[in-house]
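Dear colleague,

I am handing over the structure we spoke about, together with some notes on what was found in it. Please look through the sequence and the coordinates before reading on.

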Amino acid sequence: MMDFFLEAWVSGIIEGKKVQWMMGKGEPWRAGEKLKLLFAGYNGTRNTGSDVRVEEMLRQVRRILGSEHVDLTMMTFNFDRSRGYFEGTSQVHLPDIFPPFLANEVPKHHGVVACEGSMFKSKFANALATMMIGSLGIAAAENKLSVGYGAEAGQMDPLVAKMCGRYCKNSLVITRNEESRKLLRELGVPTELGTDTAWTFEPLGAEYGQKALRDVGWDGKTPVLVVCPINPFEWPVKASIAKAALRSVTGAYEKSHYRGPYFHHAGPEADRAYEYYLTSIANAVAAFRQKRNVFVIMAATERLDARPCKRIAEKLGGGVPVLTSEDYNMYQMVSILRACRMMVSSRYHGIVTSMPALVPSAGITMDERIRNLMKDRGHRELLMHVDDPDLEERTLAALEILDREGERIADDRAPDPVRNLKLMARMGVYFEEEVQRRYPEFPTRRGEWSWEDYLPPMNDGLKELVTAYG
């Protein structure tokens, strides 16, 4: 019921903004002004993937449009958790009850760039999808730039899907895979094919990751296996005023509380499935350690993942380091991931951010994101699902493949980062063309440009990959 209320509230705001714009209310962009863009995303939670994505979007947009021509702002749930990120970008607080914020904030800008990866899906939270649709829809209603960047679309509840089709039909959504593009096109949403934006991210150097591993007990020689688990069964998050009231009075629902009026999915069935997932991974890693001398670490690339990381570490008998994004910022965390020898991850960006360092990886997926990634890589044998009946056996088999064929896998997939860099550059072209379409007088670049000119400045490692495989 609360989801329906939020969806109706946001829909009403978009319709109202459309009428106000037609009546002459609002300030369009004028030649000579800086283009004010609002980046709408899920930041300020210490979710490494979300933060890395936005960091690279901001750098790419500045490269394409010129820093002197733009004024960029991004949303954050918590200023403390996004402090030190997104240099040169203003940050504005996104409240838990967001519709009034969108109504007030979006019209202050000349356009919106929606930047959450899981942009259009009900798997995590209808509220998140509604916030993305609302941000894009208000901008489109005011005839402003409205772009979804590096988006993923999946199963949506009927009302959310209807909202997406109605209010994003005048937006441009650049998806990170063909499956998402097909779904959105069926809803009538204009799309282009792109990729994720994390490929150009530059973490701290390799020496940082290696030192961090030594600090938690690594001997500098033993191969490092990093495991990035999640709790796949606590989603979706739903708003509930009744639960929030009971929690405040009696303390009920404390365990499943997420934030504000939002609560995780919970119950005996979810608990059993979660326990099975944790035990399967722990048993597979334990069996692998009996066969192969590896140094195991658990990496929580999202603060919430510290809980499953600690549970698996306990099942492995303790002594397994748990490194979390609460303690390591995105530059440090990705450096650590890239210092590892192999990876098993339920975090999409754990895999993506380690691929430029050619770390061979296997994925245990809860939805289509890792599945689509592994399909693109041609690694179906390295893909498991969180509720596979033989998850333990398949995870152990994947670990043995990574150990036995890791170098071949890395060599075979070395061109993947370059292919995705070119897709990301094409996204930049689509974005520039959309700016020109909305604002023909905006001073975009003139002349001939190579594909590298549509990317943020690349580090030496990426340049070497481009030279080898470009």
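The notes below take up a small sheet of strands and then several salt bridges.

Please keep in mind throughout that this is a predicted model.

To begin with the strands, three of them form an open sheet in which the order is 9-11-10 and the pairing is antiparallel. The edges of this sheet are taken by strand 9 (238-239) and strand 10 (257-259), each of which pairs on one side only. Strand 10 and strand 11 (residues 262-263) run antiparallel and are joined by two bridges, and Arg259 has Tyr262 in strand 11 as its bridge partner.

Turning to the charged side chains, the structure holds 36 salt bridges, of which a few are described here.

One of them is formed by Arg53 and Asp196, whose closest N and O atoms are 2.7 Å apart. Because Arg53 lies in helix 2 (residues 48-65) and Asp196 lies in the loop between strand 7 (191-193) and helix 8 (206-215), this pair ties together parts that are 143 residues apart in sequence. Both partners, Arg53 and Asp196, are buried.

A second salt bridge that involves helix 2 is the one between Asp453 and Arg63, with 3.6 Å between the closest N and O atoms. This pair, too, links distant parts of the chain, since Arg63 belongs to helix 2 while Asp453 sits in the loop between helix 16 (415-438) and helix 17 (460-469), 390 residues apart. As for its surroundings, Arg63 has a relative accessible area of 31% and is therefore partly exposed, the limits of that class being 20% and 50%.

A pair within a single helix is given by Glu405 and Arg408, whose side chains meet in a salt bridge at 2.4 Å, N to O. Both residues lie in helix 15 (residues 391-413), where they are three residues apart, about one turn of the helix. Glu405 counts as partly exposed at 24% relative accessibility, and Arg408, with a relative accessible area of 38%, is partly exposed as well.

Finally, salt bridges that share partners join Arg53, Glu152, Arg176 and Asp196 into one network, so that the buried pair described above, Arg53 and Asp196, should be viewed together with Glu152 and Arg176 when you go through the model.

With best regards

How values were computed. Residues numbered from 1 in each chain as written. Predicted model: local features only at pLDDT ≥ 70, side-chain atom pairs only at ≥ 80, totals over all residues. Heavy atoms only, no water. Pairing = 2+ DSSP bridges. Helix = DSSP H or I, 4+ residues; strand = E, 2+ residues; numbered from the N terminus. Salt bridge = Lys/Arg side-chain N within 4 Å of Asp/Glu carboxyl O. Buried < 20%, exposed > 50% of the residue type's maximum accessible area, 1.4 Å probe, protein only.
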